[in-house]
Amino acid sequence: MTQDKVVIFDTTLRDGEQSPGATMTHAEKLEIAGLLDDMGVDIIEAGFPIASEGDFNAVSEIAKNATNSVICGLARAQLPDIDRCWEAVKHAERPRIHTFIGTSPLHRAIPNLTQDEMAERIEQTVTHARNLCDNVQWSPMDATRTELDYLYRVVEIAIKAGATTINIPDTVGYTAPRESADLIAKLIENVPGADEIVFATHCHNDLGMATANSLAAVEAGARQIECTINGLGERAGNTALEEVVMALKVRNDIMPFQTGIDTRKIMNISRRVATVSGFPVQFNKAIVGKNAFAHESGIHQDGMLKNAETFEIMRPEDVGLAGTSLPLGKHSGRAALRAKLEEMGFDVGDNQLKDVFVRFKDLADRKKEVFDDDLIALMRTSTDTEDERLKIEKLAVRCGTEGPQVADLVMDIDGTRHMTTQTGDGPVDATFNAVKALFPHEARLQLYQVHAVTEGTDAQATVSVRMEEDGRIVTGQSADTDTVVASAKAYVHALNRLLVRREKGGSDKREVSYKDAT
Ligand code: KIV
Ligand code: ZN
C-alpha cells in the first residue's frame with residue numbers, strides 16, 4: 001500500500017541563516033542549496049529577498065540553478081515585498097511565494113491593526129501573490145498563540161484568496177505535542193476549504209519539543225514539515241530535518257509516511273552547514289552528533305560486536321556514516337584517503353582531494369594515527385587558497401608563568417615579507433596583536449571558538465573565528481595540532497575572506513527582518 005508523502009520544506013537558508021551569527025556567503029548558500037536539492041528536499045526556502053541585496057541575489061541564483069526542488073522566498077504582508085520575492089523566485093522551474101503576518105494579539109499590536117484590518121490585509125496580499133505565482137504559502141506567524149476563532153477566520157480568508165499551503169508556525173516554541181496535533185486537527189475540521197490545501201507545521205525548539213510537535217502535527221493531518229539542517233535557527237533553533245526524516249523512517253511502523261529524502265546524504269550536509277554557519281553540532285545531538293553512533297562503554301561494545309541491533313536502532317550508513325573507523329596513517333595513499341572520505345559521506349572533487357591530501361600528509365607526519373574526526377577537521381579547513389593575499393610564514397610564541405606572552409610573526413602580504421614581535425595577554429592574544437600590527441584593520445572579532453578534535457595531547461584543535469567590518473560578516477576556520485597556529489590561521493583565513501568581500505562591496509546588513517512582520 002502506498003503511504004502518504006510528507007513534504008520536506010527546508011528553511012536552513014532563511015530561518016536558519018537569519019539567526020545571529022549564522023550568516024553564510026553567497027557561494028556557501030549556493031553550495032548548501034545544491035546539496036539540499038540533491039538530497040531530495042521538496043522545497044527550499046532560499047531567503048528573504050526584500051531583506052537585502054545579498055538575499056535577493058542568493059534567492060535568484062538558487063532559483064536559476066535548482067533542478068528538482070521548489071524554490072521559495074519569504075515576503076511580509078506588503079505588496080513591494082511580494083513583488084521583490086517574485087522577482088527572485090520566478091527564475092525557478094517551480095517557484096513559490098511564502099507570505100506571512102503575525103496574527104496573535106501581541107503581533108497584531110505592533111502595526112496596531114484591528115482584527116478586521118488585518119483580515120483585509122491578508123486577503124489583499126495573498127491575492128496579489130497568487131496573481132503572480134500559482135504556488136503560494138501563507139503563514140499566520142505566532143499561530144499557536146492566536147485566538148482559535150480568529151485563526152479559523154484568517155486561514156479561511158487565505159485559502160479563498162488562493163493560498164495552496166497554509167503553514168502553522170509555533171514561532172516562540174511554546175506548544176506541546178498534543179496541542180500541536182489538536183490545532184491541526186481542528187483547522188482541518190473547522191475551516192472551509194481546508195481539504196483543498198496542504199497544512200504545514202513550522203516549529204521552534206525553545207522547549208526542546210520541535211521534533212515531537214512536528215511529528216504530532218503530521219499524525220493529525222499536516223503534510224509538510226518545515227525544518228533546518230542541524231536544527232539551525234534563532235534561539236534554540238528550528239525542527240531538525242535529520243530528526244524528523246529519520247524518525248519517519250525508523251518508526252515507519254507507527255508513523256506510516258514517506259519522505260523523498262536520501263538519508264545517506266545527511267552527514268555530509270550536516271557537516272557543511274556546521275562549517276559554513278560556524279555553529280558546531282553538539283556531541284550528543286540526535287542523528288548527526290559525534291557521539292550519536294559511538295558505543296563506548298564495555299557492555300555496549302560487547303553487545304554491539306555480537307549483534308549491532310542490541311543498541312542500535314538505525315545503521316550509521318543509513319545517514320551517510322562509515323560503518324567502521326580504522327584510522328589512516330602516514331603511509332596511506334591518495335586512493336585510500338579518497339575512499340575513506342567517500343565512506344564518510346564527503347563528495348570530493350579532484351582539486352579538493354589534491355589540497356586535502358597535502359594537508360593530510362602534513363598531519364600524518366606529526367600524528368601517528370589520523371582518525372575520522374581529524375579528516376573532518378581537515379575538510380572543514382579552508383581550501384580557497386587562490387584568494388589568499390595574507391599568508392603566515394612563521395610563528396613562534398614564547399609563553400611562561402610570568403606574562404606577557406610574546407609572538408614573533410612573519411607574514412607574506414601581497415607578495416612582500418613583513419615581520420613583527422608583539423605581546424599580549426596569552427599566546428593567542430599576542431598572535432592576533434601581531435597579525436593586526438602587520439595588517440592593521442578595524443574588523444571586530446565577534447567569535448573565537450576552539451574545539452579539540454580527538455582525545456590525547458597530540459589532538460588537533462579546530463578554531464573558528466567570526467569577524468565583522470562595516471556590516472560584512474566573515475568566518476575563518478583552521479585546524480592544527482598546535483592551538484595557537486590553528487588560531488592564527490583561522491584569523492588570517494577570515495581576513496583573506498574579508499579582503500575579497502571588500503573588493504566585491506555590499507554588506508550583510510539586512511534592512512528588515514521577518515520580525516518586522518508588517
Ligand atoms: O517562526 C516563524 O513564525 C517564521 C515565519 C516567518 C513563518 O519563521
Ligand atoms: Zn520560524
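**View 1. Strand β7 is mostly covered, with six of its six residues buried.** The model is predicted. Both faces of β7 are covered. T165, N167 and P169 sit on one side, and each of them is buried. I166, I168 and D170 sit on the other side and are buried as well. The neighbour shown here is β6, which runs parallel to β7. Two bridges join the pair. W138 has I166 of β7 as its bridge partner. I166 thus appears twice in this view: as a buried residue of β7 and as the partner of W138.

**View 2. S139 of strand β6 makes a polar contact with H98.** S139 lies in β6. Its relative accessible area is 3%, so S139 is buried, the cut-off being under 20%. The contact joins the side chain of S139 to the side chain of H98. The distance is 2.6 Å. The strand that holds S139 is also joined to β7 by two bridges.

**View 3. The zinc ion (ligand 2) is coordinated by D15, H202 and H204.** D15 donates through OD. H202 and H204 each donate through NE2. The distances are 2.0 to 2.1 Å. Along the chain the donors follow the spacing D-x186-H-x1-H. D15 lies in helix α1 (residues 12-16), while H202 lies in strand β8 (residues 198-203), so the pair ties together parts that are 187 residues apart in sequence. Are D15 and H202 buried or exposed? D15 has 1% relative accessibility and counts as buried. H202, at 5%, counts as buried too.

**View 4. Twelve residues surround ligand 1.** The closest are R14, D15, T171, H202 and H204. Among these, D15, H202 and H204 also coordinate the zinc ion (ligand 2). Three side chains are shown with their distances to oxygen atoms of ligand 1. For R14, an N or O atom of the side chain is 2.9 Å from an oxygen of the ligand. For D15, the corresponding distance is 3.1 Å. For H204, it is 3.0 Å. How much of ligand 1 does the protein bury? Taken alone, ligand 1 exposes 260 Å², and the protein buries 100% of that. The elements that give two or more residues to the shell are α1, β5 (95-102), β6 (136-141) and β7 (165-170).

**View 5. Strand β9 (residues 224-227) has buried residues pointing both ways.** Q224 and E226 point one way. I225 and C227 point the other way. All are buried. Strand β2 (residues 7-10) pairs with β9 in the parallel sense, over four bridges. In that pairing, I8 stands opposite I225. β8 also pairs with β9 in the parallel sense, over three bridges. Which residue of β9 is the bridge partner of H202? The partner is E226. H202 is also one of the residues that coordinate the zinc ion (ligand 2).

**View 6. Three strands form an open sheet in the order β11-β12-β13.** The pairing is antiparallel. β11 (390-398) and β13 (416-424) are the edge strands, and each pairs on one side only. Neighbouring strands are turned by 15° against each other on average, direction ignored. Strand β12 (residues 405-413) is joined to β13 by nine bridges. Within this sheet, M411 stands opposite H418 in β13.

**View 7. A further open sheet of three strands has the order β14-β15-β16.** Its pairing is antiparallel. Why do β14 and β16 each have a side without a neighbour in the sheet? β14 (444-452) and β16 (472-480) stand at the edges with a single partner strand each, so one side of each is left without a neighbour. The twist from one strand to the next averages 15°. Strand β15 (residues 461-469) pairs with β16 in the antiparallel sense over nine bridges. A461 has D480 of β16 as its bridge partner.

Definitions and conventions
Residues numbered from 1 in each chain as written. Chains lettered and ligands numbered in written order. Predicted model: local features only at pLDDT ≥ 70, side-chain atom pairs only at ≥ 80, totals over all residues. Heavy atoms only, no water. Pairing = 2+ DSSP bridges. Axes fitted to C-alpha atoms, helices over the stretch in contact; angles between N-to-C directions. Donors = N, O, S within 2.8 Å, 3.2 Å for Na, K, Ca; no water. Buried < 20%, exposed > 50% of the residue type's maximum accessible area, 1.4 Å probe, protein only. Near = heavy atom within 4 Å. Polar contact = N/O pair within 3.5 Å; in protein donor to acceptor, adjacent residues only side chain to side chain. Areas by Shrake-Rupley, 256 points an atom, 1.4 Å probe, with all protein chains shown as cover.
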